[in-house]
Amino acid sequence: MVSEETLKLQLSLKCPICGSNLQLIENSTYIILGCPNCKIYTRMTKKHIYRSYIEYEGNKIHLKWAELIKELYIRISGKAHLEPDES
Ligand SMILES: [Zn+2]
């Protein structure tokens, strides 16, 4: 396996289960939101993000960060009530 760049960012968003700060993790393929304490993670491919969360306006590009984080947070809140699965 090739080691790849991973970027971790501690957020002020709280885990829906334990209340710890959530982490945003980025690697070459995915953006991942997760709780390092509960080990629940949800991920989105960058491809999907480029398709759904980027708006082009002339020669300007807007990344809809707030919507992206909100969607990831909704997903992780859903996982709080479900068995962890990676689909
Ligand atoms: Zn947690």
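This tour moves from a four-stranded sheet to the helix across it, then to the core and a hairpin. The model is predicted: local features require pLDDT of at least 70, side-chain atom pairs count only at pLDDT 80 or more, and totals for chains, interfaces and linings use all residues. Residues are numbered from 1 along each chain as its sequence is written.

Select first the open sheet of 4 strands, ordered β1-β2-β3-β4 with antiparallel pairing. Strands (E, at least two residues) and helices (H or I, at least four) are DSSP runs numbered from the N terminus, and two strands pair if DSSP finds at least two bridges between them. β1 (7-14) and β4 are the edges; each has a single partner strand, so one side of each lacks a neighbour in the sheet. On average, neighbouring strands are turned by 20° against each other, direction ignored.

Next, display β3 with β4: 6 bridges join these antiparallel strands, and Tyr30 has Thr45 as its bridge partner in β4.

Now add α2, which lies across β1, β3 and β4 and runs at about 140° to β4. Axes are lines fitted to C-alpha atoms, for helices over the stretch in contact, with angles from 0 to 180 degrees between N-to-C directions. Select Leu72: beyond its neighbours within four places in sequence, Leu72 is in contact (C-beta atoms, placed from the backbone, within 7 Å) with Leu33, Thr42 and Met44.

Finally, select β5 (residues 54-57) and β6 (residues 60-63), antiparallel strands joined by 4 bridges. Ile54 has Leu63 as its bridge partner in β6. Of the 2 residues between the strands of this hairpin, inspect Gly58, which takes a positive phi near 60°.

Conventions: Two residues are in contact if their C-beta atoms, placed from the backbone, lie within 7 Å.
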